[in-house]
Amino acid sequence: NDQVRAVAAALEDRLDERVEPAFIELTEPLVHEVLEDIAPEADAVTVVPLSLFAAGHVKNDIPLFVQHARQTYPDVDFHYGANLGARPEMIDIVADRLSAAATGMDADPATDDVAVVFVGRGSSDPDANAEAYRLARFVWEGRDYARVEPAFIGITEPRVGPTLEAVRRHDPDGVIVHPYMLGEGVLTRRVRDIAAEFDG
């Protein structure tokens with residue numbers, strides 16, 4: 001939650017516009033509360049989902065809040081931005097982090113069999129899961145990793161543990177486990193714990 005607030009503050013500094021963090025659930029302020037707070041003072045409001053992939057919240061919940069705000073404040077222009085997705089910038093970020101992880105290994109992806117397990121959150125939305133596969137494929141294309149295997153920490157298959165077991169059967173020289181999530185939290189710690197069980 002603090003990381004989301006830090007992103008909002010950094011955007012506000014960069015854009016020189018008011019930027020307010022909001023949350024769908026579990027913590028405050030909630031999206032509809034922020035919209036009710038800022039809309040009466042604004043000519044236009046842009047709502048941007050800070051989400052890696054487009055699942056239920058991005059496709060359904062947030063658009064409903066935006067639509068309700070449009071009806072409540074007809075004189076305000078409301079815009080809805082896109083989630084982060086598998087755009088080139090995100091691919092580059094993942095590739096850079098994998099390169100940084102590889103520098104701490106005895107194995108060299110350029111000469112050895114180094115696999116990557118790319119771990120997403122997992123969703124009940126098949127489009128979001130497919131986008132995770134798509135990004136993993138883009139990361140693999142043109143790079144030296146022997147394979148980049150998508151996995152998920154919850155909700156859907158394949159899960160992290162069985163994927164690591166399948167990768168281990170190939171007897172690679174090294175494995176990089178990369179949790180692909182927006183911030184540190186329970187899920188990233190769970191990924192690290194599972195990876196630690198396979199280490200060595």
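L182 is partly exposed, at 46% relative accessibility (buried is under 20% relative accessible area, exposed over 50%, partly exposed in between, with a 1.4 Å probe and protein chains only). L182 sits in the loop between β5 (174-179) and α7 (186-198); helices (H or I, at least four residues) and strands (E, at least two) are DSSP runs, numbered from the N terminus. The model is a predicted one, in which local features need pLDDT of at least 70 and side-chain atom pairs count only at pLDDT 80 or more, while totals for chains, interfaces and linings use all residues. Residues are numbered from 1 along each chain as its sequence is written, and side-chain values use heavy atoms, with hydrogens and water left out.

**Nonpolar surface patch**

- L182 belongs to a nonpolar surface patch of about 410 Å², together with V7, L11, L15 and L50.
- Patches are made of residues with over 30% relative accessible area and no salt bridge; like charges are joined within 9 Å, and nonpolar side chains (Val, Leu, Ile, Met, Phe, Trp, Tyr) within 5 Å.
- Accessible areas come from the Shrake-Rupley method with a 1.4 Å probe, and for residues only the protein chains shown count as cover.

**Overall architecture**

- The chain contains 7 helices and 5 strands.
- Read from the N terminus, the order of elements is α-α-β-α-β-α-β-α-β-α-β-α.
- Along the principal axes, the C-alpha atoms fill a box of roughly 60 × 30 × 25 Å.
- Of the 200 residues, 38% count as buried.
- The exposed area of the chain is about 11,800 Å², of which carbon and sulfur atoms supply 49%.
- Among contacts (heavy atoms within 4.5 Å) with a separation of 6 or more, 67% come from residues 24 or more positions apart.

**Strands β1 and β2**

- Strand β1 (residues 44-47) pairs with strand β2 (residues 77-80) in the parallel sense over 4 bridges; two strands pair if DSSP finds at least two bridges between them.
- V45 has F78 in β2 as its bridge partner.
- Helix α3 (residues 56-72) joins β1 and β2 in a right-handed β-α-β unit.
- A crossover is right-handed if, with the strands pointing away from the viewer, the path from the first strand over the helix to the second runs clockwise.

**Salt bridges**

- The structure holds 11 salt bridges, each defined as a side-chain nitrogen of Lys or Arg within 4 Å of a carboxyl oxygen of Asp or Glu.
- D37 and R18 form one of them, at 3.0 Å from N to O.
- This pair links distant parts of the chain, with D37 in helix α2 (residues 31-38) and R18 in the loop between α1 (2-15) and α2, 19 residues apart.
- D37 is partly exposed at 40% relative accessibility, and R18 is partly exposed at 45%.
- D127 and K59 form a salt bridge whose closest N and O atoms are 2.7 Å apart.
- Because D127 lies in helix α5 and K59 in helix α3, this pair ties together parts that are 68 residues apart in sequence.
- D127 has a relative accessible area of 48% and is partly exposed; K59 is partly exposed at 34%.
- E141 and R137 meet through their side chains in a salt bridge of 2.8 Å, N to O.
- E141 is partly exposed at 37% relative accessibility, as is R137 at 48%.
- R18, E20, D37 and E41 are joined into one network by salt bridges that share partners.

**Buried position N129**

- N129 lies in helix α5 (residues 126-140).
- N129 has a relative accessible area of 11%, so the residue counts as buried.
- Not counting residues up to four places away in sequence, N129 touches G122, S123, F152 and T156.

**Buried position P109**

- P109 is located in the loop between α4 (88-102) and β3 (114-120).
- P109 is buried, at 13% relative accessibility.
- Leaving aside neighbours within four places in sequence, P109 is in contact with A102, V114, D144 and Y145.
- From C-alpha to C-alpha, P109 and I62 are 41 Å apart in space, and they are 47 residues apart in sequence.
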